[in-house]
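Ready for a short tour? Open your viewer, keep the selection tool handy, and follow along one stop at a time.

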Amino acid sequence: MGASRPPGRLTARFSVSGGHPQPLQLSCQALLDGHSVTHRLARELPYEAADLIEIAVSVHAIDRLVRRPSAQPARAGVSWARDLWAQVPVRQPWLWSAHASLLTELLTWLTDDSWSLEFCQLPGGAGPLDESQGFLFDTVPDDSVPVLFSGGLDSAAGLAAHLLASNAVAISVDTNNWMQHVQARVLSGLQAVSDHQCVPLRYRVSVGRSSVETSQRSRGLLFLAVGTATAWALRQDRLRVFENGIGAINLPYLRSQFGSQATRSMHPRTLRLMEQLAAAISSRPFHLEAPALNTTKAQLIETAPAVAEPALALTVSCDTGFSARVRDHAPCGACTSCLLRRQALHAAGKADLDKADAYRDSSPLRSVALQAMLWQAARIRACLDQADPWTALVSEFPEILDTAPLAPADVTSLYRSYIREWDSIQSSFPVSSQLGRQGKAAL
Amino acid sequence: MPDDDRIPTSLAGGWRKVLRYLQGREPADRTADAVTRALAATLRATNGVPGIRGIAARMQDAAAAGSVSGSRLPGSAEARRHVPTDVAERAAAALAAGMPGELALVSSPEAALVLARRLLDDLAFHYGFDRMAPLLIRDGTYGAPELQSLLAEVLASDQVSKLAKRLLNRPDGVGLRAPSRSRPRVAPENLLHADLGEI
């Protein structure tokens, strides 16, 4: 049973480019609520787990509160990177100080920013995850595998396939009621897949309306931190994430993109750096299992049983689908996330999972994102047609070198499948059929 | 998980002229001249790549050691702040991974020239071509394979090669100018009878 304590207030500090430090109060500028998790587990989170989540939430809040430099193309060549310093109170400052370089390496990779992190002692009971009430009893089956669940198509399809074989704990983060509602509906639908149990564990994280920066590239750390910490609380040293290889690697669509403008939340390198951090903090190996990294989104969808399809239809992939915080807010249909979903559903022969009027923009013919995707597909195809496709891919997309330790042959095969899918849907994909002559030429 | 990818598409002055040339299907050499001028202007405005010779040296070291394990060379962490330098680091990593044998056989100045040449190609795509390509394909001006061939032809121009040499002499971009295209002198008596199109 947890000890009774007054509710705590964690106050971090941060500064930008060597400026005057500002306070960041987690109970004020950002909200972190994990009480439903600790009550379901009937135990407090281990110190390192609570610290990891609170650090990730603090970093995420700072990421949202500090505007990036203007992205004007010829502004003295200045990139969108920021210089950020933060001091975060934790339960074990000596432990985090010893491994701060691993955390800053991961953050720099995710955000392009330079991070300088310091840690100080958190007063007892002052953390948002410190419990003030007693517990009942643990209701999570012992053999449940911790799985990260976002409410998107990949995580739902992967979880559906997983539930055919074993129990799962679906760990999620929601930032608003609409996201929570969608995640709950999808999980409820997935209960029909098999007799295996899926226990939902949910955290609420939200940054106040004073946030000015929308890029939130630290979001990947937030999700992985919550998943890793909860796995520790379950006394496990592994976490499963379901993300398709094309989306995870996320090669830049255009060479005008700089660094993490092509998001790296679930990139193979992100997963590797997170594994290293988790192992260092816990002094035990930690495994981030990503079984779908060698598959396309369409192939991942195909692994889900047919009985899961009603639940898959409820998933949300859109970049703005959750951020609008509006109930039943229709996905845009024109962002890269929506377009990859549409491409994958068509390639998997499951286009009818999305209603005909599901999208705000049903024919994104003039969408820059679509044209960028088609231009990228044309460049990938040209590389795959070369005698040495891997060398051609490295020359055209140097970022593909970051996929190590994935084998070049596997990555090449992944992109060959992806291009084959584009070729196979030319007549059925609504976007391409509306593109007419230009679209065919681009494809 | 939604990506929220950012896709820059805005064009600075000189590159808008390149776009007009491509939209108007101007001859490749004329477009190459416009591209070279746009590149020179971009390098002046963005302070060039002051560390290009050092990056080239690290590129050769990494190629020789086989130590390229990512899209940036080892030791390039600070490059994130300056876009052209980061583009150079990425180009160097691609060259070191893709042609280590060739880089082992060339001198340091030659390696720097190889990198400068590749850098100009990549900057042309970063600041120009990849911001235009979606538009040009969407509007049906070109199909993707045709546009890829045309852009390769434009970048293979001697003008771009000459600018690469000039960049190595002015790596900070100050005073960097596109080379003027030299044209064979025509004697006045021949000029009188020459076809205007040929001139």
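**Stop 1: where the chains meet.** Show chain A and chain B together; this is a predicted model. Between chain A and chain B there are four salt bridges. To see one of them, select A:R255 and B:D130: their side chains meet in a salt bridge, with 2.9 Å from N to O. Next, look for polar contacts across the interface of chain A and chain B, where 22 residue pairs are found, both partners at pLDDT 80 or more.

**Stop 2: the helices on chain A's side.** Now select α7 (219-233), α12 (336-347), α13 (368-384), α14 (389-396) and α16 (430-442) of chain A; each of them supplies at least two residues of the side that touches chain B. Which helix gives the largest share of that side? It is α13(A), with eight residues. Try colouring chain A's side by residue class: you will find 25 nonpolar, 21 polar and 13 charged residues.

**Stop 3: the whole interface.** Select every residue in contact across the two chains: 59 residues of chain A are in contact with 47 residues of chain B. The area buried between chain A and chain B is about 4,800 Å², and carbon and sulfur atoms give 54% of it.

**Stop 4: confidence.** Finally, colour chain A by pLDDT. The average for chain A is 90, and 91% of its residues score at least 70. Select residues 1-7 of chain A, where the pLDDT is below 50. Then select residues 433-439 of chain A, where the pLDDT is also below 50. Where pLDDT is low, predicted coordinates should not be read in detail.

Definitions and conventions: Residues are numbered from 1 along each chain as its sequence is written. Chains are lettered from A and ligands numbered from 1 in the order in which they are written. Side-chain values use heavy atoms; hydrogens and water are left out. pLDDT is the predictor's confidence in each residue, from 0 to 100. Contact means heavy atoms within 4.5 Å. Buried area is the accessible area (1.4 Å probe) that two parts lose on being put together, summed over both. A polar contact is a pair of N or O atoms within 3.5 Å; within protein, one must be able to donate a hydrogen and the other to accept it, and residues adjacent in sequence count only if both atoms are side-chain atoms. Helices (H or I, at least four residues) and strands (E, at least two) are DSSP runs, numbered from the N terminus. Ala, Val, Leu, Ile, Met, Phe, Trp, Tyr, Cys and Pro count as nonpolar, Asp, Glu, Lys and Arg as charged, and the others, Gly among them, as polar.
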